[in-house]
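Hi everyone, thanks for coming. Please have the sequence and the 3D view open while I talk, and I'll take you through the parts I'd like you to look at.

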Amino acid sequence: MGRLVTTDGLTDIQQEILKTVRDFVDKEILPVATELEHKDEYPQAIVDGLKELGLFGLTIPEEYGGLGESLLTYALVVEEIARGWMSVSGVINTHFIVAYMLMHHGTEEQKQKYLPRMATGEVRGAFSMSEPSLGSDVSAVATKATKQDDGSYSITGQKMWLTNGGSSNLVAVLTKTDEGADSVYKNMTTFLIEKEPGFGETAQGITVPGKIDKMGYKGIDTTEMILEKHQISADQILGGEPGKGFYQMMDGVEVGRVNVGARAVGIANRAFELGIAYAQQRETFGKPIAQHQAILFRLAEMGTKVETAHAMVVRAARKKDAGERNDVEAGMAKMVASEYCNEVVEASFRIHGGYGYSKEYEIERLYREAAFMLIGEGTSDIQKMIIGRSLLKDYKLR
Ligand SMILES: Cc1cc2nc3c(=O)[nH]c(=O)nc-3n(C[C@H](O)[C@H](O)[C@H](O)COP(=O)(O)OP(=O)(O)OC[C@H]3O[C@@H](n4cnc5c(N)ncnc54)[C@H](O)[C@@H]3O)c2cc1C
């Protein structure tokens, strides 16, 4: 391990967890990642290993059977995993967001019902806001939950881009409900929908068609979900009360943004490692290319970007762990980390010359994975809206 992506002030337990995960990544993920990715094969053995390490319960409180670790620990674990293979971090991320939403917004019954089984990985979470006609504009959600005479709900609509949509058995789904509120944001409700893992009709009124064929982020399943009069009890409303879904989801994506920032750091760190190694092996004009100043400077810029992004992710995670809102810090970290990730990966790709374009070299995979960092949990445009609006409030002229 080099000097980049280290973190001051970690506890012995955090250091121990990170070392265990790093060893797992080096031994179990890196040697097989590119092959599995090219085959678009679900990394079942790796997922089983994550379960054994207790990573599905990393942030779930000990009283519910988890390890009770912080968002910072989670983010650092994600950096390590994404350094090995970003898709693997995707397997735990939607699970982590749903567990977070349950921990912070669920009723005690809901926590008891799901968290212990989420900690073991028996229950696997996915979350669903996006629809075919919306992603950034969450307020436009059209999937409708209609209250029935007996107090239960019937949900109809189409959801899009569910990460782990096939492998999960618990999906937090954002719907529109009629609460009679004057604000669209207060007429939205999150339901905890149970279904079987797999594809086809996986619960009454729920169909998960096959996997969406993606440019990268392979291995992991990303799906649509069609709801046709899905009948669900009011007990499955997250927190027990309708009308709070938008705010619950936004709280969830705040931690999700730290996670995508962390994934971007992991990918960028790996691209840097590959680039600096290659630059010392490849010779042109009688010397290793690292000794050409253009390459040396490129490496310096890459290392600086990795380090900056890591520092911003750590700061955003620590702010949330301190119980504060981190919308600005998470937005900044996500934006900087994802943009830098793409720049670092491209720089490493250039260092690899023609070989970077060959599927035999890992950088080809990273190149495709980095692009998703620009989209997931909100694009840079959306982060700029969040950051800019918040700064305007803070710096309002009196
Ligand atoms: C592989 C993958 C996995 C995903 N997993 C999930 C998941 O698990 N759950 C889930 O709910 N969603 C998921 N998503 C959806 C993802 O969150 C959205 O794709 C993302 O938020 C962007 O939304 P969109 O695709 O609808 O783009 P749009 O919102 O249509 O945006 C299109 C373009 O317009 C820009 N734009 C939009 N509005 C503005 C504005 N006001 N000002 C300036 N520019 C703007 C955007 O930045 C973008 O460049 C996933 C997406 C992918 C690709």
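Let's start with a term: helices (H or I, at least four residues) and strands (E, at least two) are DSSP runs, numbered from the N terminus. What we have here is a predicted model, in which local features need pLDDT of at least 70 and side-chain atom pairs count only at pLDDT 80 or more, while totals for chains, interfaces and linings use all residues. Residues are numbered from 1 along each chain as its sequence is written, and side-chain values use heavy atoms, with hydrogens and water left out.

With that in hand, please find strand β8, residues 222-232, where lysine 229 lies. What is the sign of phi at lysine 229? It is positive, about 50 degrees, although this residue is not a glycine. For background, most residues other than glycine have a negative phi. Lysine 229 is also exposed, with a relative accessible area of 52%. Here "exposed" means over 50% relative accessible area, "buried" means under 20%, and "partly exposed" is in between, using a 1.4 Å probe and protein chains only.

A second residue with a positive phi is phenylalanine 285, where the angle is near 50 degrees. Phenylalanine 285 sits in the loop between β9 (283-284) and β10 (287-288), and it counts as exposed because its relative accessibility is 80%.

Now go one place along from lysine 229 in your numbering, to histidine 230, also found in strand β8. Is histidine 230 buried or exposed? It is buried, since its relative accessible area is 6%. Its side chain reaches the backbone oxygen of glutamine 204 at 2.6 Å. That is a polar contact, meaning a pair of N or O atoms within 3.5 Å; within protein, one must be able to donate a hydrogen and the other to accept it, and residues adjacent in sequence count only if both atoms are side-chain atoms. Leaving aside neighbours within four places in sequence, histidine 230 is in contact (heavy atoms within 4.5 Å) with several residues, including Tyr153, Ile155, Ile193 and Ile206.

Next, the ligand. Which residues come nearest to the ligand? Of the 19 residues around it, they are Ser136, Trp161, Thr163, Thr379 and Asp381. A residue is counted as near if one of its heavy atoms lies within 4 Å of the molecule. For polar partners, one ligand oxygen is 2.5 Å from an N or O atom in the side chain of serine 136. A ligand oxygen is also 3.0 Å from a polar backbone atom of glycine 135, and one is 2.8 Å from a polar backbone atom of methionine 129. Taken alone, the ligand exposes 980 Å², and the protein buries 64% of that; these areas come from the Shrake-Rupley method with a 1.4 Å probe, and for residues, only the protein chains shown count as cover. Three elements give two or more residues to the shell: β1 (125-128), β3 (153-163) and α10 (380-394).

Methionine 129 leads us to lysine 159, in strand β3. Lysine 159 counts as buried because its relative accessibility is 0%. What does its side chain meet in there? A polar atom of the lysine 159 side chain lies 3.0 Å from the backbone oxygen of methionine 129, and one lies 2.7 Å from the backbone oxygen of leucine 174. Among the residues that lysine 159 touches, beyond four places away in sequence, are Ser128, Glu131, Val141 and Glu224.

Last stop, the nonpolar interior. In soluble globular proteins, nonpolar side chains tend to be buried together. A nonpolar core is a set of buried Ala, Val, Leu, Ile, Met, Phe, Trp, Tyr and Cys residues joined through side-chain atoms within 4.5 Å. The largest one here has 100 residues, and Ile29, Ile81, Leu102 and Met118 have the most contacts inside it. Helix α6 (residues 245-281) gives the most to this core, with 17 residues. If you click on methionine 118, its contacts farther than four places away in sequence include Phe56, Ile60, Leu102 and Leu170. Apart from that core lies another, of 16 residues, among them Ile155, Ile193, Ile206 and Ile237. Remember that Ile155, Ile193 and Ile206 are also contacts of histidine 230.

That's my tour, so over to you!
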